[in-house]
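Please examine the sequence and the model below. The paragraphs that follow lead through a metal site, the nonpolar interior and two residues in loops.

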Amino acid sequence: MAKLDLPGGLGHQSRVMLLSRLAVGAFVAAMIGILALAVRDVGLWTVPALLVGWFLADAASGLTHMIMDYRPCPSGRGLAQIYFYEGSRESADYVQLRDAAMARIGPLDRLTYDFKNHHPRPDALGRRSVWRQIGSTVIVGTLPVSLLLLALWAVVDLPSAVMAGGFSFLLGSAFAQYFHGTLHRDDNPRIVHVMRACRLLMTPAAHEKHHATLKQDFATNCGWSNPVINPLFRAAHRAGYLRDEGLEPHH
Ligand SMILES: [Zn+2]
Ligand SMILES: [Zn+2]
């Protein structure tokens, strides 16, 4: 037998990658189950349910984005130092500062920082691997929700249309960061262009409105929920729940 490298001997990055792949594998298995239950009884409600699920995934991406853009980063961890770093981001100095800062914060603050960092450097997201883009969303979000949906079905035998809505919601949610990344790169697979032509995904021009003001159009899948989220943002911003100071880390 070949010698097996145990996870304990792997670096932090490799462990995260392995965990992502295991979670994505489990999520794919759960999604096959949900799809099988959705097509068991295809009827009048199947297509509307799929569209509602796609809308809800867009809304979830938009609400998460809105909160993460404005949620303040913790100060005193070196985040402002790397956010406003003026030298090369390839330099050993920067990489050391970044790794030290990231080691001082938890996953939620890392996600918060990533959303803010995306504004001055939007193209970095498009350069990330698909594993990096969907991994953490699957681990903390769509895998637990997919298992919950299957458990609920086992208990109360949910109708096929509900499973269809759940399927498109989970699919759109899992790929939310990937879809956002496609808005910041040119070389996308053909399916992305087809889905844009069908209005199932938004266009880079439509997403540009978010980057121009950071005060609108937070949803990045198809953008259908932006007319609902925009007034919600304005009300929360006016009431002081979302403050402009939160948009950047502070020293
Ligand atoms: Zn943003
Ligand atoms: Zn963007």
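In this predicted model, the zinc ion (ligand 2) is coordinated through the NE2 atoms of five residues, His118, His180, His184, His207 and His211, at 2.1 to 2.2 Å. Along the sequence these donor residues follow the spacing H-x61-H-x3-H-x22-H-x3-H. The pair His118 and His211 links distant parts of the chain, since the two are 93 residues apart. His118 belongs to helix α5 (residues 107-118), whereas His211 belongs to helix α11 (residues 204-213).

Are these two donors buried or exposed? His118 has a relative accessible area of 6%, and His211 has a relative accessibility of 16%. Buried means under 20% relative accessible area, so His118 counts as buried, and so does His211.

The nonpolar interior comes next. The largest nonpolar core comprises 25 residues, and those with the most contacts inside it are Phe27, Ile34, Val138 and Met163. Which helices supply at least two residues each to this core? They are α1 (12-38), α2 (46-70), α7 (130-156), α8 (160-174), α9 (176-182) and α10 (190-197). Helix α1 gives the most, with seven residues.

Val138 offers a closer view of the packing. When its neighbours within four places in sequence are left aside, Val138 is in contact with Ala23, Val24, Phe27, Leu143, Pro144 and Ala174. One of these partners, Phe27, is itself among the residues with the most contacts inside the largest core. Another core, of 10 residues, lies apart from the largest one, and its members include Ala101, Met102, Ile105 and Tyr113.

Two aspartates in loops deserve attention for their backbone angles. Asp157 is found in the loop between α7 and α8, and it has a positive phi of about 50° although it is not a glycine. Asp217 lies in the loop between α11 and α12 (226-238); Asp217, likewise not a glycine, has a positive phi of about 50°.

How accessible is each of these aspartates, and what class does each fall into? Asp157 has a relative accessible area of 47% and is partly exposed, because that class covers values between the buried limit of 20% and the exposed limit of 50%. Asp217, at 10% relative accessibility, counts as buried, because its value falls under 20%.

Technical notes: Residues numbered from 1 in each chain as written. Chains lettered and ligands numbered in written order. Predicted model: local features only at pLDDT ≥ 70, side-chain atom pairs only at ≥ 80, totals over all residues. Heavy atoms only, no water. Donors = N, O, S within 2.8 Å, 3.2 Å for Na, K, Ca; no water. Helix = DSSP H or I, 4+ residues; strand = E, 2+ residues; numbered from the N terminus. Buried < 20%, exposed > 50% of the residue type's maximum accessible area, 1.4 Å probe, protein only. Core = buried A, V, L, I, M, F, W, Y, C linked by side-chain atoms within 4.5 Å. Contact = heavy atoms within 4.5 Å.
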